[in-house]
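Dear colleague,

I am handing over the structure we spoke about, and below it you will find an account of what came out of going through it. Please read the text with the coordinates open beside you.

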Amino acid sequence: MDCFIYIVGPNSANELVLTAVLDGLYDAISILLRGQMEKRVMFDNLSYIILALDELIDAGVILEIDPQAIANRVLMSSCDADFEGSLEGNGGGSHWSRQN
C-alpha cells in the first residue's frame, strides 16, 4: 500500500470511535477496490471513495461503520447513476436498458 488514510477529530473525541471510523472506511474502500489499495487504483476510483466517505460521515455525524453496508450503498448509488444516465440517453423516456 502506498497511501495513508487519516481520520482527524477534536481532542475530546473518543479514540475508539475514531479507530472504528478509520477501520470502517479502510475496509469499505478495500471491498470497493477488491483489495487493490495502490495510489493509482485509488485515484482512478476516487468517486467510489468519496461516496464511501459520504455514506460513512455526514457533517461530522457518523452514519454507518459497517464496511459491507457502506460498500453496498456506494455500489447501489453508482448503479442508480448509471441507470439515470441511460434514461437520459434514451430521451428521458421509460425505456429500460442494461449494461453488461
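I would begin with the side chains of Glu-55 and Arg-73, which meet in a salt bridge with an N to O distance of 3.9 Å. Glu-55 lies in helix α3 and Arg-73 in helix α4, so this pair ties together parts of the chain that are 18 residues apart in sequence. Please keep in mind throughout that this is a predicted model, and that the distances and areas quoted here are computed from it.

The two partners differ in how they are covered. Glu-55 has a relative accessible area of 18% and counts as buried, because the cut-off for that class is under 20%, whereas Arg-73, at 33% relative accessibility, counts as partly exposed. Around Glu-55, leaving out residues up to four places away in sequence, the contacts are Leu-63, Glu-64, Ile-70, Arg-73, Val-74 and Ser-77.

Which other residue joins this pair in a network of salt bridges? It is Glu-64, so that Glu-55, Glu-64 and Arg-73 are linked together. The side chains of Glu-64 and Arg-73 meet in a salt bridge of 3.7 Å, again taken from N to O. Glu-64 sits in the loop between β2 (61-62) and α4, and a polar atom of its side chain lies 3.2 Å from the backbone nitrogen of Asp-66. If neighbours within four places in sequence are set aside, Glu-64 is in contact with Glu-55, Leu-56, Ala-69, Ile-70 and Arg-73. As a general point, side chains of opposite charge can pair when their charged atoms come close.

The structure holds three salt bridges, and one of them is found away from this network, between the side chains of Arg-40 and Asp-44, at 3.5 Å from N to O. Both of these residues lie in helix α2, four residues apart, which is about one turn of the helix. Arg-40 is exposed, with a relative accessible area of 55%.

Turning to the chain as a whole, the secondary structure comes to four helices and two strands, and along the sequence these follow the pattern α-α-α-β-β-α. Of the 100 residues in the chain, 23% are buried, and the accessible surface comes to about 7200 Å², with 54% of that area belonging to carbon and sulfur atoms. Among the contacts with a separation of 6 or more, 45% are between residues that stand 24 or more positions apart.

The largest nonpolar core has 16 residues, and those with the most contacts inside it are Ile-29, Leu-33, Met-42, Ala-52 and Ile-70. The elements that contribute two or more residues to this core are α1, α2 (39-44), α3 (46-56) and α4 (67-89), and α1 gives the most, with five residues. In general, nonpolar side chains in soluble globular proteins tend to be buried together.

Two members of the core may be worth a look on the display. Ile-29 lies in helix α1 and, at 1% relative accessibility, counts as buried. Not counting residues up to four places away in sequence, Ile-29 touches Ile-5, Met-37, Met-42 and Ile-49. Ile-29 and Ile-70 are 41 residues apart in sequence, while their C-alpha atoms are 9.0 Å apart in space. Ala-52, with the same exclusion of residues up to four places away, touches Leu-25, Leu-32, Ile-70 and Val-74. Ile-70 thus appears again, being among the residues in contact with Glu-64 and also among those touched by Glu-55.

Finally, there is a nonpolar patch on the surface, formed by Phe-4, Tyr-6 and Val-8, which together have about 480 Å² of accessible area. Tyr-6 lies in the segment before α1 (15-32). Is Tyr-6 buried or exposed? At 66% relative accessibility Tyr-6 counts as exposed, because that class begins over 50%.

With kind regards

Technical notes. Residues numbered from 1 in each chain as written. Predicted model: local features only at pLDDT ≥ 70, side-chain atom pairs only at ≥ 80, totals over all residues. Heavy atoms only, no water. Patch = residues over 30% accessible without salt bridge, like charges linked within 9 Å, V, L, I, M, F, W, Y side chains within 5 Å. Areas by Shrake-Rupley, 256 points an atom, 1.4 Å probe, with all protein chains shown as cover. Salt bridge = Lys/Arg side-chain N within 4 Å of Asp/Glu carboxyl O. Buried < 20%, exposed > 50% of the residue type's maximum accessible area, 1.4 Å probe, protein only. Contact = heavy atoms within 4.5 Å. Core = buried A, V, L, I, M, F, W, Y, C linked by side-chain atoms within 4.5 Å. Polar contact = N/O pair within 3.5 Å; in protein donor to acceptor, adjacent residues only side chain to side chain.
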